[in-house]
Amino acid sequence: MSRRASSLDWRGRGSGGDLVVRGAFVLDPRAAIAGAHDVVIAGGEIVEIAPPGTADGPGEVIEAEGKQVFPAFFDPHVHLRVPGNEDEEDIETGTRAAAAGGYCGVLAMANTTPPVDSAADVLALRERAGDEASVPAGFLATVSRGLEGQELTEMAELREAGAVGFSDDGLPIANARLMRRALQYQHLVGANIALHEEDHDLSRPAGAHAPHLGGVMHEGVVSAALGLAGVPSVAESTMIARDAALAAYEDARIHVQHLSARESVEVVRAAKDAGVRITCEVTPHHLVLTDEEVRTLDSRFKMNPPLRAEDDRQALIEALRSGLIDCVATDHAPHAAEEKEVPFEAAAMGVTGLETAFAVLHSKLVLPGVLDLAVLVDRMSAGAAAFDIEPSSLTPGAEASLVLFDPEAEWEPGADGWESRSDNSCFSGSRLHGRVLATVVAGQVVYRQRSFAMGVA
Amino acid sequence: MRHLLAIGNLERADIERIMERAEGFAEVGRRDIKKVPTLRGRTIVNLFYESSTRTSSSFELAAKRLSADVVSVKSAGSAVDKGESLKDTIATLGAYGPEAIVIRSPHAGAADLVARWSDAAVVNAGDGKHEHPSQALLDVYTLRRRLGALEGRRIWIVGDVLHSRVARSNILAFRMMGAEVTVCGPPTLIPRGIERALGCAVSYELDDLEQADVVYALRMQRERMGESFVPSIREYATKYQIDSRRLSPRQLVMHPGPVNRGIELSGEVIDGPNSLVAEQVESGLVVRMAILYELLTGGRPRPGDRSGDADGVTDPTPIKEPA
């Protein structure tokens, strides 16, 4: 049922490498590995977790004492902007950003221009990824034709063409009948359906005839002070409740994207307790920022779902810790500068995240003692499982995909530019503690941080 | 003060200073020649992205009474209308070297962005539903002339608070001057959390209106019906219209204009003895002169400019030739 991340499309597909990483603190919570070891890689697989300083190899040897090694991360929710908005991102730059963030795989959403809704679209993207992608990239197709929310796409044919899953992300599936049909059809097609949960009747307070008057931030004390139209938490949680009920009724499975509110956490808890097959994700920005940031009216803090209140943030952290929220996903959403250099209400929604995700969570949650490092490391790769991909592992015999992390490094995101083509990060200008030094996918080094690469040479 | 972007950025001392300055300019307005040379040679750009009659004309006249050169740009028919971004428009207008930009925008925070992108002093003449600070200052000025200090006065702001930048600026300004503010309107038009956000009380009915010293009615837009905020304008008027039966002689009535007669205010109240509506418009001119003066002279005269010093303002030399 599950397959390896490296079987997705990327430049390095099919060629496994040899490598030894010596002396690092190796942490793989799922495999119960936590200690100083040498990691020996041959033919793209982990062959041995050896005592520190003992291993040698035919290939490159990386001396990594004082550094940390984790299973490489997996992001089930990114926007690579291909086709249609290559000025913001493309497969090459987006996967380079992923490599720099420690990822061994990303899943690209289908709300492109035009949307990915035909087998030919999927095949074309896969071919480009095979030429351009630094790390394995999977592609989702839309649930509804043209992203219009009316008719199903040819899900079976899309699946055969290699669509990893289905999603109308960016938009909710407002029509409950269409949602139900997609869940029924899943019994034929198999792949998971990822849901952007938002009731537009609640999130667009002026009504459907005026989508441009839609909510632009969390509805709460800050929106009341600023006079900005709010998106209430219940716009999200009520839709999750509907879809959890439909999934239960159809014995189907769903993946809920970017949880943002305490109410949503409660709905997911009730669904999981009732045995519904539901997984969900949370973004780094929802875990470390709140709607207080919006007081500056800085458009970098505009995204959908919006940053919510401190109480929501605490609920998300607790749910991630307990495993109620399965994984971290960035919702990496690049935007051109001119889409953000406008007043807050007119700005595009979305923030980049691939290059900063782990460092942000390490700095803001792990170092202050809010979240265990082992828990975070698990959640950074667990999202693969929701789409039938094996989460990376450091167990001998597993595909050798790992992150080499320097927990001591201090850096300022964006100070040396970005791998991504866009720079709409919430975190540019902040000080982060800990930085990805290198990323390995199936034994191949797909990223080296510049200073670290020089140190090796 | 470098810019006037939001009441939220001001200290009470800033407001006091502008009030005193406005009183000086009120005297100028009673002269035959109502013009002083204070800002001669300075350029002020009025950039209005929304239709506006009283705010734009009031700022324009204020600038002219101070002898500044004024360029007014309205969005309709301009480059703005042709899709030019705000940033590009500001860069273009920057070529004229304006000392001040007065901007009205449908978007919150637009004035802050202009302040970031331009060297000019920036006046927020209304940004989305966020703030309208010059309106709040002229309302404080109007009330102080009538009531003296606002300490302990009870002010009710009635109507569509959700969509009102005037409400937000006025709540902050009235409270800063020591008044107690209650907002009143249908629950659908009172933003959730406004008590904590802005420090006011909330009422959904006019039953306790008698406790108000001042009743500040807001404009009710007909579109709100189509957006199902209120079931009908008729019901709204029944529940929230300020008419003479609801008012006692000591209560003052204000409105930022333009008024929908027979909706938020009855005709006899607008024209009646309780109404400060006409005085508000008069105050608007002198308060906006005071704002421009404050920002462009830093509250102090320019070196070598006798007409702009403190005495000059309370007793400025009128320009001899007809304006």
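**Figure 1. A close-up of A:Asp291 and its surroundings in this predicted model.** A:Asp291 sits in the loop that links helix H9 (284-288) to helix H10 (310-322) of chain A. Is this residue buried or exposed? A:Asp291 is buried, because 24 other C-beta atoms lie within 10 Å and the cut-off for a buried residue is 20 or more. Leaving out residues up to four places away in sequence, A:Asp291 touches A:Met217, A:His218, A:Gly220 and A:Val222, together with A:Pro306, A:Leu307, A:Arg308 and A:Ala309. For a sense of scale, look for A:Pro29: its C-alpha atom is separated by 33 Å from that of A:Asp291, and the two residues are 262 residues apart along the chain.

**Figure 2. The loop residue A:Ala329 and its contacts.** Here we move to the loop between S15 and helix H11 (337-340) of chain A, where A:Ala329 is placed. A:Ala329 counts as buried, with 30 C-beta neighbours inside 10 Å. Apart from neighbours within four places in sequence, its contacts include A:Asp75, A:Pro76 and A:His77. A:His258, A:Glu281, A:Thr283 and A:Gly383 are also among them. A:Pro58 is 271 residues apart from A:Ala329 along the chain, and 36 Å separates their C-alpha atoms.

**Figure 3. The eight-stranded sheet of chain A.** This open sheet has parallel pairing, and its strands follow the order S6-S7-S8-S9-S10-S13-S14-S15. Which strands stand at the edges? They are strand S6 (73-78) and strand S15 (327-328) of chain A; each has a single partner strand, so one side of each lacks a neighbour in the sheet. As a reminder for viewing, strands of a sheet pair through backbone hydrogen bonds, either parallel or antiparallel.

**Figure 4. Strand S7 of chain A with its partners S6(A) and S8(A).** Six of the six residues of S7(A) are buried, so the rest of the structure largely encloses this strand. S6(A) and S7(A) are parallel and pair over four bridges, with A:Val78 opposite A:Ala108 in S7(A). To get from S6(A) to S7(A), the chain passes through helix H1 (residues 91-100) of chain A in a right-handed β-α-β crossover. Strand S7 (residues 103-108) also pairs in the parallel sense with strand S8 (residues 137-141) of chain A, over three bridges. In S8(A), A:Phe139 is the bridge partner of A:Ala108, and A:Gly138 is the bridge partner of A:Leu107.

**Figure 5. Parallel strands S5, S6 and S7 of chain B.** Strand S5 (residues 154-158) runs parallel to strand S6 (residues 180-184) of chain B, and five bridges join them. One pair to find is B:Arg154 with its bridge partner in S6(B), B:Glu180. Between S5(B) and S6(B) the chain crosses through H6(B), and this β-α-β crossover is right-handed. S6(B) is also joined by three bridges to strand S7 (residues 201-203) of chain B, again in parallel. In this pairing, B:Val183 stands opposite B:Val202 in S7(B).

**Figure 6. Helices H5 and H11 of chain B packed together.** Helix H5 (residues 133-147) packs on helix H11 (residues 277-297) of chain B at an angle of about 115°, and their axes are 8 Å apart. The crossing of H5(B) past H11(B) is right-handed. On the H5(B) side, the contact includes B:Leu137, B:Leu138 and B:Tyr141; on the H11(B) side, B:Gly284, B:Val287 and B:Ile291 are among the residues involved. By class, this contact has five nonpolar, five polar and three charged residues.

**Figure 7. Where chain B touches chain A.** The contact draws 24 residues from chain B and 18 residues from chain A. Helix H3 (86-94), helix H4 (110-117), helix H6 (165-176) and helix H7 (194-198) of chain B each contribute at least two residues to the chain B side. H7(B) gives the most, with four residues. The chain B side is made of eight nonpolar, eight polar and eight charged residues.

**Figure 8. Backbone details in both chains: cis peptide bonds and positive phi values.** Most residues other than glycine have a negative phi, and most peptide bonds are trans. A cis peptide bond joins A:Val82 and A:Pro83, with omega about 0°; A:Pro83 is in the loop between S6 and H1 of chain A. Another cis peptide bond joins B:Gly257 and B:Pro258, with omega about -5°. A:Ala442, which is not a glycine, has a positive phi of about 50°, and is buried with 28 other C-beta atoms within 10 Å. B:Ser67, also not a glycine, has a positive phi of about 70°; with 17 C-beta neighbours inside 10 Å, B:Ser67 counts as partly exposed.

Key
Residues numbered from 1 in each chain as written. Chains lettered and ligands numbered in written order. Predicted model: local features only at pLDDT ≥ 70, side-chain atom pairs only at ≥ 80, totals over all residues. Contact = placed C-beta atoms within 7 Å. Nonpolar A, V, L, I, M, F, W, Y, C, P; charged D, E, K, R; others polar. Pairing = 2+ DSSP bridges. Right-handed = clockwise from strand over helix to strand, strands pointing away. Axes fitted to C-alpha atoms, helices over the stretch in contact; angles between N-to-C directions. Left-handed = near helix turned anticlockwise from the far one by under 90°. Buried ≥ 20, exposed ≤ 12 C-beta atoms within 10 Å, placed from the backbone.
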